[in-house]
Amino acid sequence: MSTHIGIDIGGSSIKAACLDDQLSTVGTVSSDRYRHPSRSQLVGTIQQCVRELDIIKPTSIGLCLPGKMNLQQTAIELSVNLPVLNGWAFDELLQSALGQEVPSEVISDADAAGLDYAMTYPLEGRTAAISIGTGVGLSVLDGTEFARIGGKGIGHLGFMDVGRHADEDRIDTHGVKNTLESYIGAPALDALDSEGEIHLDQLSTDDPAIRALVHALRVVHAIYQPDRIVLLGGVGNALKTQRETLHDLVCDGLTQLAVRDWTLEFGESHFHAAMGAAKYAAQSG
């Protein structure tokens, strides 16, 4: 039986999924949470996840991770939320973690999550999938095909300037002002409970996080005209309790360029990115 593993290296944990040759789920696993890991710690965490999946020789590996790839697409050039990845060649990372040669494909975390959702819940029209966890990424798909600008993806939505939505400007450690991520990313929300779960049901319509997110969703409508917007990732999934509020706020005075009957949907799993990476690798092989 062919087996395909997807490894989702996130800003605070790693998730992995294994699929069979029919793209059915064999198993999933999530690591313990980490903060500012070293390369050796990250390698050890990947190894732990693969061991728990109990797959000795996978047919293919799909790797997804946050950040901007270099022009050669051989390494991450800049990962703001996981700087240990900067300049670390993908081949070297996988060889260190797996200790064997396995056909592999690399995909952004936002694209991987969006692909899994689009394949799991098919739609002929356009999907804008926004992954919100430690960071915020965007993937736009027509059916299950990625929309691109030239040869590049479109995904670093988290660094868009959404303006001031609090009493003071939000300025990150790099001096960047009022990014979407500075309002709605998991570190900004500080909404984790003792089990690592995120709870956002108490956010009001005047909360800076809600106002910033609504601003961003309206921009996505104006530029990409999606038939549906899907919020994924730990924060995205947790915002499901705010579905009606968010939809109404986005629609209030929304540009006429937007699709009239658009829908707002939410992820059903913490493993969308890992599953999407595995599917991407299986299809590419």
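Helix α6 passes helix α8 in a right-handed crossing. The model is predicted. The crossing of α6 and α8 comes first below, followed by Lys240 in the loop that leads from α7 to α8, and then by helix α9, which covers residues 272-284.

**Packing of α6 and α8**

- Helix α6 spans residues 208-224 and helix α8 spans residues 243-251; their axes lie 9 Å apart and form an angle of about 55°.
- The two helices are therefore oblique to each other, since the angle is neither under 35 degrees nor within 65 to 115.
- On the α6 side, the contact is made by Ile210, Leu213, Val214, Leu217, Arg218 and His221.
- On the α8 side, Leu246, Leu249 and Val250 take part.
- By type, the residues of this contact divide into seven nonpolar, one polar and one charged.

**Lys240**

- Lys240 sits in the loop between α7 (233-238) and α8.
- Its relative accessible area is 31%, so Lys240 counts as partly exposed, a class that lies between under 20% and over 50%.
- Leaving aside residues up to four places away in sequence, Lys240 touches Phe266, Gly267 and Glu268.
- Asp206 is 34 residues from Lys240 along the chain, and the C-alpha atoms of the two are separated by 17 Å.

**Helix α9**

- Helix α9 has 13 residues and reaches 18 Å from its first C-alpha to its last, close to the 18 Å expected at 1.5 Å a residue.
- Buried residues in α9 are His272, Ala273, Ala274, Met275, Gly276, Ala277, Ala278, Lys279 and Ala281.

Key. Residues numbered from 1 in each chain as written. Predicted model: local features only at pLDDT ≥ 70, side-chain atom pairs only at ≥ 80, totals over all residues. Heavy atoms only, no water. Helix = DSSP H or I, 4+ residues; strand = E, 2+ residues; numbered from the N terminus. Expected span 1.5 Å × (residues − 1). Buried < 20%, exposed > 50% of the residue type's maximum accessible area, 1.4 Å probe, protein only. Axes fitted to C-alpha atoms, helices over the stretch in contact; angles between N-to-C directions. Parallel < 35°, antiparallel > 145°, perpendicular 65-115°, else oblique. Left-handed = near helix turned anticlockwise from the far one by under 90°. Contact = heavy atoms within 4.5 Å. Nonpolar A, V, L, I, M, F, W, Y, C, P; charged D, E, K, R; others polar.
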